[in-house]
Amino acid sequence: MLGLGEYKTIFIVVGLAGILVLAWPILSGFMPARATQRFSELYVLGPEGVADDYPYNMKAGEQHMVIIGIGNQLGSSALYEVRVKLRNSAEPLPNSTTGTPSGQVSLYEEKAFVADGHTMEMSIDFSFTDVAFDEPGTSCRVVTFTLNQLDVDLNQTLLWDAEKGGYRGELFFELWLYNPDTRAFAYHNRFVGFWVNIISQE
Amino acid sequence: MVGPIMNISRRGSYRPIVSVILVFLVFLGPSVTIGRVATAADNVPEKYRESFEAAQSAILTGFSTVLDAERSGADVSLLVEDLNTAQHQLSGVWVFDAVGDTEGATLAIAQSQLIAQEVAAEAKQLKATTIAANQSRLMNSALVMIAGGAGLCLILLLAWKRFKRGYVRRLRRSVPELAGRN
């Protein structure tokens, strides 16, 4: 049998535990938030909304569509900017190690506000509107590129890839994040892209 | 036109006008030619530049206000959708201008700014409401803690006295020599 002093201790412990439970709603407000990983997602889907059937072989003037998705897990709402760029196989991609964007000129920019924990998807319609085959077998020149009904004067050269047999270029999308303190966008070290192959009309 | 953003908000009185403009843009038909960086702010035609910048600034101010409200604990997901609507409207300027629809472009900018200002106002209100609700919840929690704590202490005290009496009685019964003592 326990002594009276030990029973007294049990009563005190029960009382303190009860007070702690009652005080929890207040105490929880002063607790530091659980450390969670903060990140953003950037993905590209084919026209059916799945990671398949990406447009590849393209004739001048043919309309194609992809879906760009942005996921925000940063812990607060964010303003993103997707910059669309085109490069040939000799031009560099963004550098993930140094976190620097590609030096290619941005063809198109789309801003998107995404609430924390939410995902935003936007469709990008595009076509290689005007393509010149000045030097067949060496390179072709994308004169005009159309993105979401806006034509962009481009004059981008795509080199002939003998191994894969085509004039190949990579259409890629960089993710930039708005910093409310500096009121400027900074490259967010995320990019996705896919290769396209320009084929002549014949 | 810019790609349709797939979770556009459905609130607010400006929605019918927004819908008409979006439908017009979707069915615009032939594309329009502009220079590189199709939708960059520095590519805005001179005649719209001032109002465009004012609308863009209103959107960014609205966003800062929304972030403020979010920091206070408010659910701002609907306001974020509204900001997207405002940004989407503003992006229509290039297309309207390229087809020579000055009125459409001006309306798009004005609508965009209006939505952004409404968002900022709503965010401020939401922040105030959330702070008031948080204070009220904190006050209620404090009252529950004080009253509940006092009640719990009282109950435990009474229970302890009762238990102690019973304990002593049992002890006296089990040890007869103590029965006569107080």
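A crossing of two helices is called left-handed if the near helix is turned anticlockwise from the far one by less than a right angle, and right-handed if it is turned clockwise. Keep that in mind for the tour of this predicted model, which begins in chain B and ends in chain A.

**Chain B as a whole.** Select chain B and colour it by secondary structure, and you should find five helices and one strand, which follow one another from the N terminus in the order α-β-α-α-α-α. Of the 182 residues in this chain, 32% are buried. If you consider the contacts in chain B between residues at least 6 apart in sequence, 78% of them join residues at least 24 apart.

**Helices α3 and α5 of chain B.** Next, select residues 77–91 of chain B, which form helix α3, together with residues 102–174, which form helix α5; the two pack at an angle of about 165°, and their axes are 8 Å apart. Because an angle over 145 degrees counts as roughly antiparallel, α3(B) and α5(B) are described as roughly antiparallel to each other. Their crossing is left-handed, so this is the place to apply the opening definition. To see where they touch, show the side chains of α3(B) that meet α5(B), among them B:Leu83, B:Ala86 and B:Leu90, and then their counterparts in α5(B), including B:Ile115, B:Val119 and B:Ala123. Sorted by class, the residues of this contact are 10 nonpolar, four polar and two charged.

**Helices α2 and α3 of chain B.** Keep α3(B) on screen and add helix α2, residues 46–71 of chain B, which packs with α3(B) at an angle of about 170°, with the axes 10 Å apart. This pair, too, is therefore roughly antiparallel. Among the residues that α2(B) brings to the contact are B:Phe52, B:Ile59 and B:Phe63, while α3(B) contributes residues including B:Leu79, B:Val80 and B:Leu83. Here the classes are 10 nonpolar, three polar and no charged residues.

**Chain A and its domains.** Now move to chain A and colour residues 1–31 as domain 1 and residues 39–199 as domain 2; the centres of these two domains, taken over C-alpha atoms, are separated by 60 Å.

**A:His64.** Finally, select A:His64, which lies in strand β3, residues 64–73 of chain A. Is this residue buried or partly exposed? A:His64 is partly exposed, because 17 other C-beta atoms lie within 10 Å, whereas a buried residue would need 20 or more. Leaving aside neighbours within four places in sequence, A:His64 is in contact with A:Pro55, A:Met58, A:Phe126 and A:Ser127. As a last step, draw a distance from the C-alpha atom of A:His64 to that of A:Pro32, which are 48 Å apart in space and 32 residues apart in sequence.

Note on methods
Residues are numbered from 1 along each chain as its sequence is written. Chains are lettered from A and ligands numbered from 1 in the order in which they are written. This is a predicted model: local features need pLDDT of at least 70, side-chain atom pairs count only at pLDDT 80 or more; totals for chains, interfaces and linings use all residues. Axes are lines fitted to C-alpha atoms, for helices over the stretch in contact, and angles run from 0 to 180 degrees between N-to-C directions. Helices (H or I, at least four residues) and strands (E, at least two) are DSSP runs, numbered from the N terminus. Angles under 35 degrees count as roughly parallel, over 145 as roughly antiparallel, 65 to 115 as roughly perpendicular and the rest as oblique. Two residues are in contact if their C-beta atoms, placed from the backbone, lie within 7 Å. Ala, Val, Leu, Ile, Met, Phe, Trp, Tyr, Cys and Pro count as nonpolar, Asp, Glu, Lys and Arg as charged, and the others, Gly among them, as polar. Domain bounds come from an automatic or database domain assignment. A residue is buried if 20 or more other C-beta atoms lie within 10 Å of its own, exposed if 12 or fewer, and partly exposed in between; C-beta atoms are placed from the backbone.
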